[in-house]
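User: Hi! I am new to reading protein structures. Could you walk me through this one with a few questions and answers?

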Amino acid sequence: MSPPPTMLAPRLPVIGWSTFAGAAHIDQHSLLDHPRHLSTTSGRAAILLALECLRVGPGDLVLLPTYHCPTMVSPVKTLGADAAFYPIDEHGAPRLDWLSAHVPASTKALLVPHYFGLPQPMEAVRAWCDARGIALIEDCAHAMFGRAGARPIGSWGDVAIASLTKFFPTPEGGILALNRAGLTMPALTPASRIDQVKAGSDILHMGAAHDRLTGLNRLIRGAFALKSALRRLVKGPSTGTQAAPSRHGELDEAEEIDANMALIDLPLSHRALTHASGWISRRVPRRRIVEARRHHYAFFTEAFSRRDGVHPLLPALPPDCAPYVFPLWVRTPDPGYAEMRRLGVPVSRWDRLWPGVPGLPGDAGKSWSHHVLQLACHQDLSESDLHRIVEQVERLFITPAAAAPR
Ligand SMILES: Cc1ncc(COP(=O)(O)O)c(C=O)c1O
């Protein structure tokens with residue numbers, strides 16, 4: 001059998017002419033319209049700033065879910081605070097019964113994510129925190145748009161954070177939003193002129209590397225190739241050619257995990273977002289982003305329902321949200337997952353948990369970290385990208401003999 005062709009669909013949005021298509025207005029709320037928010041360089045920087053606003057430091061404990069990306073933990077460690085882990089239920093909500101029985105006295109904050117962009121029931125979480133004087137950090141890194149129950153997304157936490165690169169074609173960016181009165185918005189240092197130019201050129205380079213800027217692709221790629229060649233000439237041959245700038249989530253997997261486990265870059269976390277990334281996140285029409293993601297999520301739900309070996313983890317997409325990724329539960333994810341990564345399929349898995357995450361009763365988190373693949377479903381995937389992702393899942397995880405008719 002000949003090997004399948006290499007597929008290089010982007011794992012995160014990339015700029016193209018279609019970025020500017022469609023209506024600007026949508027009915028969904030966005031953290032970008034939050035009345036008290038600040039643009040940061042990343043979601044992890046926003047978590048760090050949130051913890052600083054809440055005066056979390058050495059001796060304090062922050063509760064985090066067992067199912068996590070290390071970037072949710074490293075800001076806590078960077079500030080010298082302790083992290084402890086709580087179990088989640090089969091929808092990703094915190095197990096409040098377990099928390100009530102086990103919450104340590106030194107707990108200063110509870111971080112709750114809206115996994116995959118699907119809103120969690122926050123009313124009970126808010127009440128739980130209020131009853132104990134514990135601050136709530138609402139992690140909207142996956143949930144830029146929509147509502148969680150009766151309130152707009154991002155308005156339940158004492159503070160909320162978001163990540164721009166997951167929804168917009170920017171090389172960097174996050175949001176910190178403050179809901180509790182009395183918290184002071186941090187002052188950030190301005191981005192340097194070099195940072196400003198680099199952000200603008202990275203945005204164009206990403207688009208051209210993925211062939212999205214018809215008419216300009218060759219020109220832009222040529223300009224970057226020339227720049228790399230000149231740099232090699234000046235600095236020596238060890239300076240490699242970069243196909244396109246890498247964002248978190250797009251690096252080689254081992255590199256990405258190491259970067260995520262490292263302590264946070266403090267100066268970068270206290271730096272303001274560049275104009276180019278801010279402009280993109282504020283100006284690009286939003287309707288296409290929300291509609292395409294919802295359409296892609298529904299497509300995958302249909303494609304992976306009634307199959308043997310895989311199933312949609314959360315098939316019901318609530319009406320008022322825009323998903324970040326499509327969570328696919330896979331019975332035997334290894335070695336197929338490594339093969340998907342090797343082929344450039346836009347997929348990730350949170351399989352490297354922070355050291356010391358305990359096995360807890362009734363916890364879905366540890367099982368998710370092994371069995372759940374996060375398939376990209378963003379607005380810049382084409383129909384053929386979606387079909388090729390489905391083909392790879394079928395080839396690697398669905399046994400033909402057992403595949404049920406669609
Ligand atoms: C739930 C969650 N919170 C926070 C972050 C950090 O966001 P960023 O990558 O923008 O630093 C991530 C990143 O993957 C995440 O998945």
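**Around the ligand**

Analyst: Happy to! This is a predicted model. The shell around the ligand is made up of four nonpolar, eight polar and two charged residues.

User: Which residues come nearest to the ligand?

Analyst: There are 14 residues around the ligand. Of these, the ones that come nearest are S42, G43, R44, A141 and S163.

User: Which helix gives the most to the largest nonpolar core?

Analyst: That core has 104 residues, and A50, V159, I161, L328 and L375 touch the most other members. Eight residues of the core come from one helix, residues 43-53, and this top contributor is α1.

User: Is R55 buried or exposed?

Analyst: R55 sits in the loop between α1 and β2. A residue counts as exposed if 12 or fewer other C-beta atoms lie within 10 Å of its own. R55 has 12 such atoms, so R55 is exposed.

User: And F116, buried or exposed?

Analyst: F116 is in the loop between β4 and α4, and has a positive phi of about 65° although it is not a glycine. The cut-off for a buried residue is 20 or more other C-beta atoms within 10 Å. F116 has 21, so F116 is buried.

User: At what angle do the axes of α11 and α13 cross?

Analyst: Two packed helices are described by the angle and the distance between their axes. The axes of α11 and α13 come within 10 Å, and the crossing is right-handed. The angle at which they cross is roughly 145°.

Conventions:
Residues numbered from 1 in each chain as written. Predicted model: local features only at pLDDT ≥ 70, side-chain atom pairs only at ≥ 80, totals over all residues. Near = placed C-beta within 6 Å. Nonpolar A, V, L, I, M, F, W, Y, C, P; charged D, E, K, R; others polar. Axes fitted to C-alpha atoms, helices over the stretch in contact; angles between N-to-C directions. Helix = DSSP H or I, 4+ residues; strand = E, 2+ residues; numbered from the N terminus. Left-handed = near helix turned anticlockwise from the far one by under 90°. Core = buried A, V, L, I, M, F, W, Y, C linked by C-beta atoms within 7 Å.
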